[in-house]
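Student: Before we use any label for a part of this model, could we go through what each label rests on?

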Amino acid sequence: MNSTIQAIRGMNDILPEQIQRWQQFESVVRDWLTAYGYREIRTPILEQTSLFKRAIGEVTDIVEKEMYSFADALNGEQLSLRPEGTASCVRAVIQHNLLYQSPQRLWYAGPMFRHERPQKGRYRQFHQVGVESLGYADADMDAEHIVMTADLWRRLGLPDIDLELNSLGDGAARARYRARLVGYLEDNLDQLDEEAKRRLHTNPLRILDTKNPAMQALADAAPKLADDLDDAALAHFESVQSLLRAHQIRYRINPRLVRGLDYYNYTVFEWVSDQLGAQGTVCAGGRYDTLIEQIGGKPAPACGYAMGVERLLALLEIADAPLPASPLDAYIVHRGDLATPYAWQVAHTLRLAGLNIILHCGDGSFKTQMKRADASGAAFACIIGDEEAAMNTISLKSLRMSAEQTQCTREQGIALLQSRKQHGF
Ligand code: ATP
Ligand code: MG
């Protein structure tokens, strides 16, 4: 017997009954990004593996163990499904010379792929909306990113997301800090778990990110990167903070916030919710002034961030945010030799008037068809029998309110359905 084929673990179908939330989210997000003057960019889902190695870093979790990579069967080229969006975005900007004339405010959205252990809020195919500002060096852009995300939470109706902030300084500061941190960790070798021992000489800053409860005290007592920042980094960080204060954005400085990707410098931030369990970070990002050059472009400063769509949708569910009404205006039920061809014409006229219409397909008594109409979520049933066809009328019955069925002309019907759409009854 054939076993049934299932979707790959950690890769989810988004079913029609869930899609309303997604589309609601996407439409709020699109309006929000447009309001801030960001323009969308769409890049391929597949890229050369070397792009991610160069951008994200060879010794990061993502590149070491989370990428879906394979050799192209035809020419052996090493390819990877994108695990994040910044590398591709920057590649495209360099390839098409987009920074030639002016800096760029860009956004992207779509699926990302990471081979992680699937759990609530952590999937192998998940979705991000990302924002990148390329060619901007000053703290005002770091602040714009944070202020605009706070505005998105407001637009979505999600009040309880907390901001954590840190500065990583420049490469030299991180090198100084790295040496101090490795010294401290070596002095406490017996307290490191296996993962930390493995990272000690590859990516020691990441040890501060540990989720292991047994290592929290050690991580908390570790030397602080802040002590290695030079004056320029401190001034930049202070400017970001004063802009946040001016816009009443509350934040907490988290000296252990180092982010998993190698390309960050200066400001890094995360928006965290306490309602999602272990997977509480819904949005994260920061400045990456050296990345463009690292990928082969002319040096230019930049910063950006990405949010996890599944985690934000989970917050919308928890907040029980209201969903928009069904977009369907009417479901046409019809029966009879005259009625059916007439119903097709009516459906066409109503759609031409901008209404969203389902025309019943397949056989079925009026009773069965009315059940389908009800289940469709449409606002009205439009009933067409031979009598309506002979008199060139339609009958409308509200499916959401108890009201009499009314028989009227097509034009009257269109007016009624349109005014319902406008006033939402
Ligand atoms: P985490 O610490 O949760 O693994 P990360 O640092 O790997 O996150 P980023 O690369 O910064 O995450 O991605 C930005 C956002 O994308 C995260 O804050 C999160 O909301 C979301 N995200 C990342 N990985 C996943 C995943 N496997 N499943 C669902 N969402 C994810
Ligand atoms: Mg991760």
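Student: Why does Asn203 count as buried?

Tutor: Keep in mind throughout that this is a predicted model. Asn203 has a relative accessibility of 9%, and buried means under 20% relative accessible area, so the value satisfies the cut-off and Asn203 is called buried. Asn203 is found in the loop between α7 (194–199) and α8 (216–220).

Student: What makes the approach of the side chain of Asn203 to the backbone oxygen of Val59 a polar contact?

Tutor: The side chain of Asn203 reaches that backbone oxygen of Val59 at 3.4 Å, and a polar contact requires a pair of N or O atoms within 3.5 Å, so the distance meets the limit.

Student: How do you know whether Thr210 is buried or exposed?

Tutor: Thr210, which also has its place in the loop between α7 and α8, has a relative accessible area of 9%; the limit for buried is under 20%, and Thr210 is therefore buried. A polar atom of the side chain of Thr210 lies 3.0 Å from the backbone nitrogen of Asn212.

Student: What is the relative accessibility of Leu168, and which label follows from it?

Tutor: At 2% relative accessibility, set against the limit of under 20%, Leu168 counts as buried. Leu168 is found in the loop between β7 (162–167) and α6 (171–187). Its C-alpha is 9.3 Å from that of Arg287, although Leu168 and Arg287 are 119 residues apart in sequence.

Student: Why are Gln248 and Asp320 labelled as they are by accessibility?

Tutor: Exposed means over 50% relative accessible area. Gln248 has 68% relative accessibility and therefore counts as exposed, and Asp320, at 62%, counts as exposed by the same cut-off. Gln248 is found in the loop between α9 (231–246) and β8, while Asp320 lies in the loop between α11 (309–318) and β12.

Student: What makes the phi values of Gln248 and Asp320 worth a remark?

Tutor: Most residues other than glycine have a negative phi. Phi of Gln248 is near 55 degrees, a positive value in a residue other than glycine, and Asp320 has a positive phi of about 55 degrees although it is not a glycine.

Student: Why is strand β12 described as largely enclosed by the rest of the structure?

Tutor: Five of the five residues of β12 (residues 330–334) are buried, and the strand is therefore largely enclosed. Ala330, Ile332 and His334 point one way from β12, whereas Tyr331 and Val333 point the other way, and all are buried. In a regular strand the side chains alternate between the two faces of the sheet.

Student: How do you know that β12 pairs with β13 and with β14?

Tutor: Two strands pair if there are at least two bridges between them. β12 and β13 (residues 357–359) have three bridges in the parallel sense, and five bridges join β12 to β14 (residues 380–384), which run parallel, so both cases satisfy the criterion. Ala330 stands opposite Ile357 in β13, and the bridge partner of Ala330 in β14 is Phe380.

Student: What makes β1 and β8 edge strands?

Tutor: Eight strands form an open sheet in the order β1-β5-β6-β11-β10-β9-β7-β8, with mixed pairing. β1 (39–40) and β8 (252–253) each pair on one side only, and they are the edge strands. Within this sheet, ten bridges join β5 (residues 104–113) to β6, which run antiparallel, and Ala109 stands opposite Val129 in β6.

Student: How do you know which strand gives the most to the shell around ligand 1?

Tutor: β6 (125–134), β10 (281–287) and β11 (302–308) each supply at least two residues of the shell, and β10 gives the most, with four residues.

Student: What makes Gln128 and Thr281 polar contacts of ligand 1?

Tutor: The limit is 3.5 Å between N or O atoms. An N or O atom in the side chain of Gln128 is 2.9 Å from an oxygen atom of ligand 1, and a backbone N or O atom of Thr281 lies 2.8 Å from an oxygen atom of ligand 1, so both pairs meet the limit. The protein covers 92% of the 580 Å² of accessible area that ligand 1 has on its own.

Methods
Residues are numbered from 1 along each chain as its sequence is written. Chains are lettered from A and ligands numbered from 1 in the order in which they are written. This is a predicted model: local features need pLDDT of at least 70, side-chain atom pairs count only at pLDDT 80 or more; totals for chains, interfaces and linings use all residues. Side-chain values use heavy atoms; hydrogens and water are left out. A polar contact is a pair of N or O atoms within 3.5 Å; within protein, one must be able to donate a hydrogen and the other to accept it, and residues adjacent in sequence count only if both atoms are side-chain atoms. Accessible areas come from the Shrake-Rupley method with a 1.4 Å probe; for residues, only the protein chains shown count as cover. Buried means under 20% relative accessible area, exposed over 50%, partly exposed in between (1.4 Å probe, protein chains only).
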